[in-house]
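Welcome! Let's take a walk through a structure together, one region at a time. Have a look at the sequence and the 3D view, then read on.

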Number of protein chains: 2
Amino acid sequence: MPDKKETEALSERKKQILANVVELYIKTGEPVGSKGLIDATGMSVSSATVRNEMNELDSMGYLEQPHTSAGRVPTQEGYRYYVDHLMKNREVDELTKRLIDAGVSSAVGDPEKLIAKSREILANLTKCATVSTAPVGEMTLIKKIEVVPVGAYSAMMVLLTSNGILKSRLCRSDTEINASVLEKFYGIAGAFIIGKPAAEITPVYIQTLAAAIEGDYFTLLPLLAAVTELADSVGDSRLVLGGSSNLLSFKDYGEGAVALLEFLSRSEPLSDVINSSRGSLDVRIGSENKYKQLENSSVIVSKYSVNGDETGTISVIGPTRMDYETIIPSIRYMTDIVGRLITQALEE
Amino acid sequence: MPDKKETEALSERKKQILANVVELYIKTGEPVGSKGLIDATGMSVSSATVRNEMNELDSMGYLEQPHTSAGRVPTQEGYRYYVDHLMKNREVDELTKRLIDAGVSSAVGDPEKLIAKSREILANLTKCATVSTAPVGEMTLIKKIEVVPVGAYSAMMVLLTSNGILKSRLCRSDTEINASVLEKFYGIAGAFIIGKPAAEITPVYIQTLAAAIEGDYFTLLPLLAAVTELADSVGDSRLVLGGSSNLLSFKDYGEGAVALLEFLSRSEPLSDVINSSRGSLDVRIGSENKYKQLENSSVIVSKYSVNGDETGTISVIGPTRMDYETIIPSIRYMTDIVGRLITQALEE
DNA sequence: ATTAGCACTCGAAGAAGCAGAGTGCTAATT
DNA sequence: AATTAGCACTCTGCTTCTTCGAGTGCTAAT
């Protein structure tokens, strides 16, 4: 009789045992047996009692045995219950706080660098893989475009979006880039590009401008092409993965690690995983992520707010047996800071 | 009696056998035996003859047996001899040529993007890890700095170096960034920063400017700090690793793959490996790389020339059992193209 | 309700045995 | 003199068998 829904309310002792099992298993990676549990926690009951309780937790679906006569391991539901009810949602550790503060301090003022940095810090801290998404959405607008000539036929172009993403590249033209070309370019840009969502600035859109520009279309083309490339790369910067090699050290994955890495390296499914998160901090355990490749992994997605809008995310991906108790506060603290700093950087 | 140096000149047949063993082993990954070798190559001698020859190649140090009564595997010296004398240095395959041409075409005109792209292409082509270094050296000069205000207190700053590297970031100031501040900044920049090597623009150097700027130092400080960060990041972009997860699929490494990835992810030793290369294309096999972590790997470093100077490199790192015969021409072709395109992009 | 005691189960780790691939040597062949 | 056939020998990888021990569930005693 598994799934006694009515017995939802676990006795105090069951809760304690479940919590201990989860925490011990997270720590050691070995299935925990009744004896081992008492040894490690100093509980003042006998192993037989613990065994009975474990047995019930087992049939309630919170624990399971890899095989008869091995210790218990938390099931997905076990982790879920732990995360939802048992975990002491403790504040972030003073040391990690310092590490984070120190780490981001070098990138204050530049959103992109800040996000990259936060990904890196979090990967080091959690020893898991991290994913960040830039604060880019449907409504990321092109805010400014600058073209600075560096030679007769070449110029550097810089593009700034409404959320602080800055993209730049060199571009060359076959015709001279002189003051009159620039003037025309700024005219076109001001009229048809600035203020538009980055996603709309496609090569096709640029072609529709041909009529408006008439004779000068071909001299402006190299510059306009560069604009589309920059606008496109704004979208690219959306999803970045870091620290994936951390996952290799987890013996949990065994051979499967390679397949997982392969999965993570493809951005479409990964993006899907991240985007399907709910709420400002979402923990998805094992098969709660609908991809089979993640059945042994948990994904924690935390959103940061820029100007009050939850636009970007920072995520941690690791084995289901990850240290939720320290990772969750860390990622929450990190997203708070990142959101605050970006908002601040964007103030006029 | 190993190492008969006097017998340096291998008989024609020995050469052929060595070449076949190396190629077959590269292809299959299994130690090759006398019988298997004839089957695979259709040589018209008996297995016993091949065995005798192999035995000699063995005592000359070119082949070895993982254990008695297994087939032969090339030693490091075996690979070396193969690469130096036996490999038909054939031209790059028509298909790969197309792939490379098509791949880089999207990045023509922007050195940084071009290099990133080439790394990616080469990783896909070779299924190995790739490392690129930007064309940055002691003499990479700051060529241009632009500051574009985007608000009263914030601006975007763009920095261009003499070799086409473009770096940008947002920066904020506590004081207003108005025309007069900008004018002063450009004055300082023109006098003390433009034309200097990027590596010299350190926070310390900026402090020495305080005297020259006098009262305005503090209003300019945020901008100057941003310059040092950008100048610093020019150096950062020097070394980038890609495709490292490719290495996981090689069974050659077994468990060691993790350690190798860890090694590659640290940039100091990696940079040392790359920089100790000689000549325009250097193949280092196994322990020829002085790091123990690379004893089962080969590194191929190829330099590209910008304006005739061999400044940057593109490298491939993989197991010693890599397909030298196709990889070497590919990387050579790639560096040729990259060098040519960057040189072209930098023309005035 | 808890606990001590015990028979039982199952995997991990080692030992033993076998099949096969490949060798080196010797003696015969060209 | 070089090549080849033949053969005894060696070593690994695989499978099968045992043993060992941790951990369980049940029953009976507290």
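Which helices of chain A and chain B each supply at least two residues of the surface near DNA strand D? They are α3 (47-59) of chain A and α3 (47-59) of chain B. Keep in mind as you read that this is a predicted model.

## Around DNA strand D

In this model, 20 residues surround DNA strand D. The closest are S34(A), R72(A), R13(B), T49(B) and S69(B). Looking at the DNA side, sugar and phosphate make up 74% of the strand D atoms that come within 4 Å of the protein.

Helix α3(B) gives the largest share of this surface, with 4 residues. By residue type, the surface near DNA strand D has 4 nonpolar, 12 polar and 4 charged residues.

The table below lists some atom-to-atom distances to DNA strand D.

| Protein residue and part | Atom of DNA strand D | Distance |
|---|---|---|
| R72(A), side-chain N or O | phosphate oxygen | 2.8 Å |
| S46(B), backbone N or O | phosphate oxygen | 3.0 Å |
| R51(B), side-chain N or O | base oxygen | 3.4 Å |

Reading across the rows, R72(A) uses its side chain to reach a phosphate oxygen, while S46(B) reaches a phosphate oxygen with a backbone atom. The side chain of R51(B), on the other hand, has a base oxygen as its partner.

## Where the two chains meet

Now turn to the place where chain A and chain B touch. Chain A brings 34 residues to this contact, and chain B brings 35 residues. The area buried between the two chains is about 2900 Å², and carbon and sulfur atoms give 62% of it. On the side of chain A, M156(A), L170(A) and R172(A) lose the most area to chain B, and together they account for 20% of what that side buries.

There are also polar links across the contact. Between chain A and chain B there are 4 salt bridges. In a salt bridge that you can look for yourself, the side chain of R172(B) meets that of E347(A), with 4.0 Å from N to O. In addition, 11 residue pairs are in polar contact between the chains, counting pairs with both residues at pLDDT 80 or more.

Which elements of chain A give two or more residues to the side that touches chain B? They are the helices α6 (111-126), α11 (256-265) and α13 (324-346), along with the strands β4 (142-149), β5 (154-161) and β6 (166-172). Strand β6(A) gives the most, with 6 residues. Sorted by type, the residues on this side of chain A are 17 nonpolar, 7 polar and 10 charged.

## Inside chain A

Helix α4 of chain A covers residues 76-86, and its buried residues are G78(A), Y79(A), Y81(A), Y82(A), V83(A) and L86(A). These buried residues pack against α1 (12-28), β2 (73-74), β8 (281-285) and α13 of chain A. At the N-terminal end of α4(A), T75(A) acts as a cap: a side-chain oxygen lies 3.2 Å from the backbone nitrogen of E77(A).

Strand β8 of chain A holds R284(A). Is R284(A) buried or exposed? R284(A) counts as buried because its relative accessible area is 15%, and the cut-off for buried is under 20%. The side chain of R284(A) makes a polar contact with the side chain of D282(A) at 3.0 Å. Leaving aside neighbours within four places in sequence, R284(A) is in contact with several residues, including R80(A), S276(A) and N289(A).

That brings us to N289(A), which sits in the loop between β8 and β9 (297-306) of chain A. N289(A) is buried, at 2% relative accessibility. Not counting residues up to four places away in sequence, N289(A) touches V273(A), R284(A), L294(A), S297(A) and V299(A).

## Two loop residues of chain B

Here is some background: most residues other than glycine have a negative phi. K127(B) is not a glycine, yet it has a positive phi of about 60°. K127(B) is found in the loop between α6 (111-126) and β3 (129-133) of chain B, and at 48% relative accessibility it is partly exposed.

N307(B) also has a positive phi, near 55°. N307(B) lies in the loop between β9 (297-306) and β10 (309-319) of chain B. At 55% relative accessibility, N307(B) counts as exposed.

How values were computed:
Residues numbered from 1 in each chain as written. Chains lettered and ligands numbered in written order. Predicted model: local features only at pLDDT ≥ 70, side-chain atom pairs only at ≥ 80, totals over all residues. Heavy atoms only, no water. Contact = heavy atoms within 4.5 Å. Buried area = accessible area lost by both parts, 1.4 Å probe. Polar contact = N/O pair within 3.5 Å; in protein donor to acceptor, adjacent residues only side chain to side chain. Nonpolar A, V, L, I, M, F, W, Y, C, P; charged D, E, K, R; others polar. Buried < 20%, exposed > 50% of the residue type's maximum accessible area, 1.4 Å probe, protein only. Near = heavy atom within 4 Å.
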